[in-house]
Amino acid sequence: MIMERQIFSKLVQHLDKKAFTILIGARQVGKTTVLKQLYKLILSEKKSAFYLSFEDPAILTQINEHPENIFRFVAKPVENNGVIYVFIDEVQYAHNPSNLLKYLYDTYAPSLKILATGSSAFYIDQKFQDSLAGRKTIFELFPLNFEEFLLFKNKEDLISDFKLIKSNPTYISTQINTFKLLLEEYMQFGSYPAVVLAESVEDKIAILKELKNSFLKKDILESEIENEEKFYRLLTILASQIGQMLNQHELANTLKLNEKTLSRYIFILQKCFHIQLVKPYFNNIRKELTKMPKAYFNDLGLRNCLLNQFGNIFERTDKGEILENLVYSLLRDSNERDTIKYWRTADNNEVDFVVETSFNQGKAFEVKWSENAFSVNKYKKFTENYINFPLKPLTFDFKNSESFVLKL
């Protein structure tokens, strides 16, 4: 069975566009697999296609000498003779990927269509300068969302039920306990494809440790981090304080780093797709831009690995924080990231997530492990001041199934 990511159909729709297609995301998230699936699709349609990996030093040396050298490995496009599709894995390894793609686009598009992957958005941002404006479309690939997780777990029979849970507020699934067990695994080991496909707990943990020790180290080396130990320590601190406000001054003092270096480390962690920052929501935009963000992990398995904690979720003291991070992931997969915020006042009134679906209108969510922990009166200040943002509790243990965490 071919396990197809949801982004695949969007990429297929982009095949006929003149702009080059760039797929970015964390290492080991599945970009190469998606690229190869697209390559096989083009070949099956009897179109002219070529696949290159810039991890191959023999290819990379030639490419770095001059962009025209790419045609030593692929057919050169001829005007009015069909499109040549070139699939490039790890394009960021080119000495100057921005200049390479700009030259190829300006010289040969639309007869040449390039689809490329890049492991680190940090490098994409640094090298893909404004010269590529209008010449590329960037697609982001994250670890498996929950529906993809069900597919990779061979639980296709549950996908239609999952869609009903999401779309019908009053629907009560007879498989709710099965969903809870699967959510526990999703929160415990995360959703990197290789981790999900591993059958034993030992194998899952071993893969996560490899991600932490080897692939995260590549991000550190390629981002030219000066102090590897403090970078790891920062990541571990962030893992231990999910959902708390990110006080850069305090963190800089704790790590004995200057704030400029700390800001750069946090920027790199975002651009390498390990964390995402959520800003506060205010009617006053100036205030919104001056308040502290919160940090969430794109994969809970990596987060748990950093803390070396893989115990039963139901028995853990940080289960509430883990559930809050899960909700962030679910929101990220169905909303524009910039629309996801939190609300907090000076006297510590707080709502976990506020999602603005249109100007001054949207939805709000408060995450609690148990429904009993949610009290409407506690959020009176928010509900009275933001009537266009109906507040809904999201829980794991519930009496009313309408509050179940999957009913976003």
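These legends accompany several close-up views of a predicted model.

**View 1. Helix 15 and helix 16 pack against each other.**
Two packed helices are described by the angle between their axes and the distance between the axes. Here the axes of helix 15 (residues 300-307) and helix 16 (residues 319-332) come within 11 Å and cross at roughly 150 degrees. Angles over 145 degrees count as roughly antiparallel, so helix 15 is roughly antiparallel to helix 16. The crossing of the two is right-handed. If you would like to find the contact yourself, look for Leu300, Arg303 and Asn304 on helix 15, which meet Ile322, Asn325 and Leu326 on helix 16. By character, the residues of this contact are three nonpolar, two polar and one charged.

**View 2. Cys272 and Cys305 are not joined by a disulfide.**
A disulfide is a covalent bond between the sulfur atoms of two cysteines. For Cys272, the closest cysteine sulfur belongs to Cys305 and is 17 Å away, too far for a bond. Seen from the other side, Cys305 is in no disulfide, and its nearest cysteine sulfur is that of Cys272. The count for the model comes to zero disulfides. Both side chains are worth a look in context: Cys272 is buried, with a relative accessible area of 2%, and Cys305 is buried too, at 1%.

**View 3. Glu90 and Val91 sit in the loop between strand 3 and helix 4.**
The loop runs between strand 3 (84-89) and helix 4 (97-108). Glu90 has a phi near 65 degrees, a positive value in a residue other than glycine. Most residues other than glycine have a negative phi, and most peptide bonds are trans. Is Glu90 buried or exposed? With 9% relative accessibility, Glu90 counts as buried. Val91 is buried as well, with a relative accessible area of 0%. For a distance to check on screen, try the C-alpha atoms of Val91 and Leu101: they are 10 residues apart along the chain and separated by 9.5 Å.

**View 4. Asn80 has a positive phi in an exposed position.**
Asn80 lies in the loop between helix 3 (57-65) and strand 3. Its phi is near 65 degrees, a positive value in a residue other than glycine. The relative accessible area of Asn80 is 76%, so Asn80 is exposed.

**View 5. Ala109 and Pro110 are joined by a cis peptide bond.**
Omega for this bond is about 5 degrees. Where does Pro110 lie? Follow the chain past helix 4 and you will find Pro110 in the loop between helix 4 and strand 4 (112-118).

Note on methods: Residues numbered from 1 in each chain as written. Predicted model: local features only at pLDDT ≥ 70, side-chain atom pairs only at ≥ 80, totals over all residues. Heavy atoms only, no water. Axes fitted to C-alpha atoms, helices over the stretch in contact; angles between N-to-C directions. Helix = DSSP H or I, 4+ residues; strand = E, 2+ residues; numbered from the N terminus. Parallel < 35°, antiparallel > 145°, perpendicular 65-115°, else oblique. Left-handed = near helix turned anticlockwise from the far one by under 90°. Contact = heavy atoms within 4.5 Å. Nonpolar A, V, L, I, M, F, W, Y, C, P; charged D, E, K, R; others polar. Disulfide = S-S within 2.5 Å. Buried < 20%, exposed > 50% of the residue type's maximum accessible area, 1.4 Å probe, protein only.
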